[in-house]
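Hello,

The structure we discussed is below, with the sequence. My notes on what was found follow after it.

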Amino acid sequence: MAPKINQGAFYSIFVDGLSAANAFYPTLQICSNPKRAGEEYMRYRLLDGETVISAFISQALPQAQELLPCVTIKLLEYSAQIEDRLYLLVTDFEIVDAEPQQLFPESAYKQKPVGSKSEIVSNHTQKSMPLSPPMSQQFVPKQARARIGRKLEPPFPRTRHCPIKRLSSTMRTDNFAIIGRVTKMNEIREVNSRKGPLSILNFTICDHNSEIQFTAFSEQAHHAYNNLREGGVYWFTKFGVKMANKRFSALDHDYELSWTHRTEYSVSSDADLPSHHFNFTRLEHCADIPKDKFVDLCVYIYNINEPVSLISKKTQSEIFKRDLEVLDISGFRSSITLWGKYVDEPPAVETIQCFKGLRSSTFRGQVTFSLSQSGSFVSTPIEEVIALKEAIASGKLHPDQCQELRTEEEGGFTPGNNPGSFRNSVVKTIELNDFNDYEPERQVAFRRVKGVITSIDGYNDKYWYEMCPNEGCRKRVRLQDDGSYLCEKCQTTSANSDFAFMFSIVVMDDVGSLKVSVFDDCAKDMFKMSASEFKNAIQNGEDGAIRNLCGVEYIANMRINYDVNNNVTRYSLQKLYELNYDKEASFLYHSLKDR
């Protein structure tokens, strides 16, 4: 039998002034996961059927470890705190029902905690929420819900305008709107997730200064695909903002947007927004970029090869690719591999094209690029295209005169590509303080440094952390009293955990030192073993892997992330190369000889 909740209890506490001194012991329900609030308390959200209030519960109580969402508790000792916001301070309680069960409609658990007496009074004057039916009858089938967002008729409601460039995950999107042109609308993809078949739609919007990716799922994906058109200009508000996964994002923006059931949009008549947004990189600067990095290129296509058939290792089906041979204004040539629909619809030969979202790779020492569904190309009369067209017409650029783009491991040293080079400097070793003058408005940059690793430091004396064993989840797990591990993201417990690397190294040269974070993928390449194997070796007293790295000079490719909100610059290692002294000496000799 479901426990009886004191509906309207918060009205009695904060408005009528009832408390434990008046023998008022309300029965309430937890409706959130705990969040730490200092050393002694955890913050929860409590629901009385009408209102949600924040509550700070003492962790010194043994029963506090059993609190989970939808557990019902009875307050025994508590006090009402009225400061900037209303909240309860709970020092004793008892668990009425430890079996999590939702007693109210789902929307009740998604309320935000109230912050004033007027909000409680407003909720109390409305009709109280009836107890919901049993769990088996409680949830409406997903396909019957109207959770696809809402289209508003123009004009868009008056609200603040935020440029796409300034978006971050700390902003409340209810308070402003963005405007953007849909520059690329992908087809809906059908994938199999843990919860069953899932529809995913990605499209890109841009304004005058930046662009960002929008992602929609399930019914929302079909709604957006059927109502938005490529090239159209729209206002958007009440969307989600999260960190972009740079492994799959071809855009410079640190964040991406997610379409929710609250998202509102409206057609705009603003025709001044650009139809494309590029951040071009010249081929001469591409020899030392990390593998799988996305770049934009403005190139001249001087040859198109015939399609080639391959057998996919993943699906064992036949697939096709087509190679383009290209050059750019820097005097270097390379190749671009087309996949998917672009194999049958290649650009014309002897034309200048602007490619968006090319993924870099290496093959037998050559630096190449590939274009898949996430990228695009267009021929548009912008400044870079005009300059390249004039250079080709004047005869300054010809495939036979251009240098092939090669990686440094194959000896293909070019300006901006020697070990330790920085911003086209030919012989200069990176000084660590040069990192301070990179462009902070871009928020993310990739740089290379040559130095000696002086120390390898773990976090809390460990070089690894316990990770959720579920496929696709890499979140940290928490060890519980019964010896199991809880993943707060997946809301699952497991008997064992996986391990992932996380530590920092200190790189030093003749002008200073720099602390750089190292994560799992890069650390595996450094130590040539997994985090579990490394953990066993350290616990057995075998620390040779660490000692072999310290005191040695390396070339380190690093990602620099500038946190605008906290005014902090963070460094993370992308790739570590051993310094080839023979090649470096040869390059320096020829550089000095040419002067």
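To begin with one residue, Asp 525 has a relative accessibility of 31% and is therefore classed as partly exposed. Its partner is Lys 528: the two side chains form a salt bridge, with 3.5 Å from N to O. Lys 528 itself is exposed, at a relative accessible area of 66%. Please keep in mind throughout that this is a predicted model.

Elsewhere, salt bridges with shared partners tie Glu 211, Asp 296 and Lys 356 into one network. Within it, the closest N and O atoms of Glu 211 and Lys 356 are 2.2 Å apart, and the pair counts as a salt bridge. This pair connects distant parts of the chain, 145 residues apart. Glu 211 belongs to strand β12 (residues 211-217), while Lys 356 belongs to strand β21 (residues 352-363).

Are these two residues buried or exposed? The cut-off for buried is under 20% relative accessible area. Glu 211 has 6% relative accessibility, so it counts as buried. Lys 356 has 10%, so it is buried as well.

There is also a salt bridge between Glu 256 and Lys 242, where the closest N and O atoms lie 3.7 Å apart. Here too the pair links distant parts of the chain, with the two positions 14 residues apart in numbering. Glu 256 is in strand β15 (residues 255-258) and Lys 242 in strand β14 (residues 240-243). Glu 256 is buried, because its relative accessibility is 10%. Lys 242, at 36% relative accessibility, counts as partly exposed.

The pairs above are among the eleven salt bridges that the structure holds.

For the chain as a whole, the figures are these:

- The secondary structure consists of ten helices and 33 strands.
- The chain has 595 residues, of which 45% count as buried.
- Among contacts in the chain with a separation of 6 or more, 62% are between residues 24 or more positions apart.
- The exposed area of the chain is about 31800 Å², and carbon and sulfur atoms supply 48% of that area.

In short, the salt bridges described here include one between two buried residues, Glu 211 and Lys 356. They also include one between a buried residue, Glu 256, and a partly exposed one, Lys 242. A further one joins the exposed Lys 528 to the partly exposed Asp 525.

Regards

How values were computed. Residues numbered from 1 in each chain as written. Predicted model: local features only at pLDDT ≥ 70, side-chain atom pairs only at ≥ 80, totals over all residues. Heavy atoms only, no water. Helix = DSSP H or I, 4+ residues; strand = E, 2+ residues; numbered from the N terminus. Buried < 20%, exposed > 50% of the residue type's maximum accessible area, 1.4 Å probe, protein only. Contact = heavy atoms within 4.5 Å. Areas by Shrake-Rupley, 256 points an atom, 1.4 Å probe, with all protein chains shown as cover. Salt bridge = Lys/Arg side-chain N within 4 Å of Asp/Glu carboxyl O.
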